[in-house]
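Subject: The structure I promised you

Hi there,

Here is the structure we talked about, ready for you to open. Have a look at it first, and then read on for what turned up when I went through it.

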Amino acid sequence: MPAFELFVFSACSLPVPDTSVLRPRSVLLPASLSSPLLPAVSPSTISIAVINSRRRATVHSAPPNSRSRCVGNEFSDVEIGGGGDEEDGGEGAGSVDVEALEREARDAVVEYSRSLLRELRSVTEDEGNEQKEATGKQKRGKRAIRNVIPDHLLPRVAIVGRPNVGKSALFNRLVGGNKAIVVDEPGVTRDRLYGRSFWGDFEFMVVDTGGVLTISKSQADVMEDLAITTTIGMDGIPLASREAAVARMPTMIEKQAIAAVEESSVVIFLVDGQAGLTAADVEIADWLRKNYSDKYIILAVNKCESPRKGILQAAEFWSLGFSPLPISAISGSGTGELLDLVCSGLKKIEGQENSEEGESYVPAIAIVGRPNVGKSSILNALVGEDRTIVSPISGTTRDAIDTEFMGADGQKFQLIDTAGIRRRAAVASSGSTTEALSVNRAFRAIRRSDVVALVIEAMACITEQDYRIAERIEKEGKGCLIVVNKWDTIPNKNQQTATYYEQDVREKLRSLDWAPIVYSTAIAGHSVEKIIVAAGTVEKERSRRLSTAILNQVVQEAVAFKAPPRTRGGKRGRVYYCTQAAIRPPTFVFFVNDAKLFPETYRRFMEKQLRSDAGFSGTPIRLLWRSRKKMEKGRASTDAQGASAAPDRKLAIAT
């Protein structure tokens with residue numbers, strides 16, 4: 001094998017790395033380079049190791065005033081190797097502008113991210129419009145609010161009322177965007193949904209709740225009012241259990257509404273101006289007056305689009321004992337007066353003391369999976385309360401529920417419970433708009449998360465839908481851990497059960513072969529804390545950055561162990577330079593002579609070597625291959641041919 005060179009660069013040429021980034025202990029180096037080479041690298045010397053075909057290293061040093069080796073931010077003779085011949089550029093390389101390479105690497109990452117985002121947006125319907133609305137709302141918030149206050153310190157405003165009066169539409173109007181699902185059918189919202197809102201100098205949290213059914217009704221009426229089905233996705237559940245779950249559903253929704261009212265300073269009691277006064281409105285008004293007289297209650301009459309008719313529509317609700325205010329959540333009329341009344345019942349919170357806490361980075365963990373695998377049970381077990389409704393009824397969770405959580409080590413997390421994701425064909429055949437929007441929210445939760453907990457049921461076989469969800473997580477570039485829930489249902493477990501089960505999971509979910517596996521029983525609270533510990537570890541790996549010197553040495557080891565294959569024409573790929581251009585996920589850009597000379601098998605080999613030598617457990621890593629012409633300068637042959645050093649802008653991606 002022809003000789004090739006490895007150059008370890010000095011600190012005068014590399015950008016100063018983050019002090020929090022340490023050299024990983026798992027990096028494997030040659031015996032001849034493990035101890036004396038890396039510690040010797042300093043701003044005063046430049047160490048160069050030349051490794052021959054027998055893997056023996058000779059170290060040369062250049063004095064600090066040797067301008068031929070280090071000039072400003074340029075490296076001389078930068079080349080990792082690859083065993084190419086002279087016609088492939090193996091004679092050596094000229095001086096290279098490393099800053100230009102770093103800029104080109106960052107541009108490559110931006111280009112790849114944009115292309116991937118366009119691809120993913122084309123899969124999810126209506127996501128582009130919702131993203132624009134959310135972005136506009138965030139920009140508006142940044143201009144109006146200087147100091148960010150943590151969510152748990154903000155006062156809360158609850159929206160309550162009977163089903164299908166427009167609570168979610170008003171919630172979206174107040175927080176901006178389409179955070180809550182709005183469909184013209186009752187019983188869409190079931191859990192508490194939180195969103196930040198502001199008006200003037202006041203900032204507060206708005207809480208959307210499910211429709212309150214205080215009047216006793218038959219089971220058929222309850223199922224109609226709450227849009228409950230006992231057939232879709234409930235094939236393995238006995239009929240008696242289905243009926244019992246339906247009977248408990250109104251009580252569980254009411255408990256969520258009660259919890260929202262109790263933690264709020266202001267309560268917006270919403271009624272329907274077009275439907276008029278109903279017996280359910282009277283009962284809810286009596287319930288609020290009797291139990292929550294200490295709260296500031298605002299009676300808002302929704303669906304009053306016409307200002308003239310709105311006054312007449314609102315007049316009917318004076319009998320409830322509150323002053324009615326006509327509004328329209330769809331058009332926004334009257335919401336300014338409503339917000340004035342809301343702010344009059346709130347205490348202003350100053351954010352200077354907590355500005356640092358609010359601006360700190362809080363990782364988001366999305367809990368996703370197929371229906372009825374125990375996602376909501378995991379969330380409730382982690383937070384220690386009934387944050388979401390848990391029921392054997394398929395599709396109980398509709399919206400993506402955000403919850404703040406603090407781990408045992410004081411690390412804060414944002415937990416996101418999502419709706420069960422069924423196959424697209426099954427969702428389309430059901431004809432349910434609500435379910436389609438719920439799945440859309442689940443995919444959006446994956447996109448805005450940092451770590452995804454993919455939940456699978458222990459006794460259920462891994463299906464094609466699990467594989468598709470895993471592929472989506474990998475494409476989004478999110479950290480991931482696989483949670484095997486309901487582990488107690490596995491009979492006759494022994495010491496080898498987990499090993500065999502892991503082998504089966506790895507074989508069927510090959511796109512997530514780097515993800516750690518956690519076994520838990522959420523309903524009993526067993527091993528749920530391991531989920532947070534694993535998620536914290538994954539997030540640290542996802543945010544880790546390797547120094548350029550160590551990265552190039554790891555790549556050198558991989559190339560030395562297995563050189564790129566030759567083509568039929570005798571050409572062989574050569575790696576000129578490698579750098580980590582981004583984190584979350586870790587993204588590495590390889591500058592090579594021709595990306596086409598690196599087949600998919602070799603790219604997978606390079607990824608495996610990076611993982612085995614440098615870690616990155618639980619996170620996908622991106623390898624971007626950048627084709628360049630010979631990185632030579634000042635050669636007579638090159639000048640005679642008139643070849644410039646302009647890079648080939650073609651981008652090759654390793655998946």
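Let's begin with S328, which touches N302, K303, C304, E305, S333 and T335, leaving aside residues up to four places away in sequence. One of these, K303, is 25 residues from S328 in sequence, while the two C-alpha atoms are 4.9 Å apart in space. You will find S328 in the loop between β12 (324-326) and α8 (335-344). Is S328 buried or exposed? Its relative accessibility is 0%, so S328 counts as buried, the cut-off being under 20%.

Please keep in mind that this is a predicted model. As for the overall picture, the protein has 655 residues, and 52% of them are buried. Its secondary structure comes to 18 helices and 22 strands. If you take the contacts with a separation of 6 or more, 73% of them are between residues 24 or more positions apart.

Next, the empty space inside. Rolling a probe the size of a water molecule over the atoms shows where empty space is left. How many cavities of 30 Å³ or more does the structure hold? There are three, and I looked into the second largest, which has about 40 Å³ of space. Its lining is made of I365, I367, I378, L382, L415, A453, V455, V483, I531 and I532. Sorted by class, that lining has ten nonpolar residues, no polar ones and no charged ones. Four elements each supply at least two residues of this lining: strands β13 (364-369) and β16 (451-457), and helices α10 (375-383) and α15 (529-542).

Helix α15 also leads us to another spot, since the loop between β18 (517-519) and α15 holds S527. Most residues other than glycine have a negative phi, and most peptide bonds are trans. S527 is not a glycine, yet its phi is positive, at about 60°.

R584 is a second residue to look at here: it is not a glycine either, and its phi is positive, near 55°. R584 sits in the loop between β19 and β20, and with a relative accessible area of 36% it is partly exposed. The peptide bond that joins R584 to P585 is cis, with omega at about 0°. P585 belongs to the loop between β19 (575-582) and β20 as well.

Beyond that loop comes strand β20 (residues 587-592), which pairs with β21 in the parallel sense over six bridges. The chain gets from β20 to β21 through helix α17 (residues 600-614), and this β-α-β crossover is right-handed. Within the pairing, F590 has W625 of β21 as its bridge partner.

Which residues of β21 are buried on each side? In a regular strand the side chains alternate between the two faces of the sheet. On one side of β21 are R622, L624 and R626, on the other L623, W625 and S627, and all of these are buried, so both faces are covered. Put as a count, six of the six residues in β21 (residues 622-627) are buried.

If you would like a place to start, try S328 and its contacts, among them N302 and E305, and then move on to β21, where both faces are covered.

Enjoy exploring, and write back with any questions!

Best wishes

Notes: Residues numbered from 1 in each chain as written. Predicted model: local features only at pLDDT ≥ 70, side-chain atom pairs only at ≥ 80, totals over all residues. Heavy atoms only, no water. 1 Å grid on protein atoms, 1.4 Å probe; cavity = no way out; pocket = protein on both sides within 12 Å on 5 of 7 lines; lining within 4 Å. Points joined across faces, edges and corners; volume = space filled by probe spheres on them. Nonpolar A, V, L, I, M, F, W, Y, C, P; charged D, E, K, R; others polar. Buried < 20%, exposed > 50% of the residue type's maximum accessible area, 1.4 Å probe, protein only. Pairing = 2+ DSSP bridges. Right-handed = clockwise from strand over helix to strand, strands pointing away. Contact = heavy atoms within 4.5 Å.
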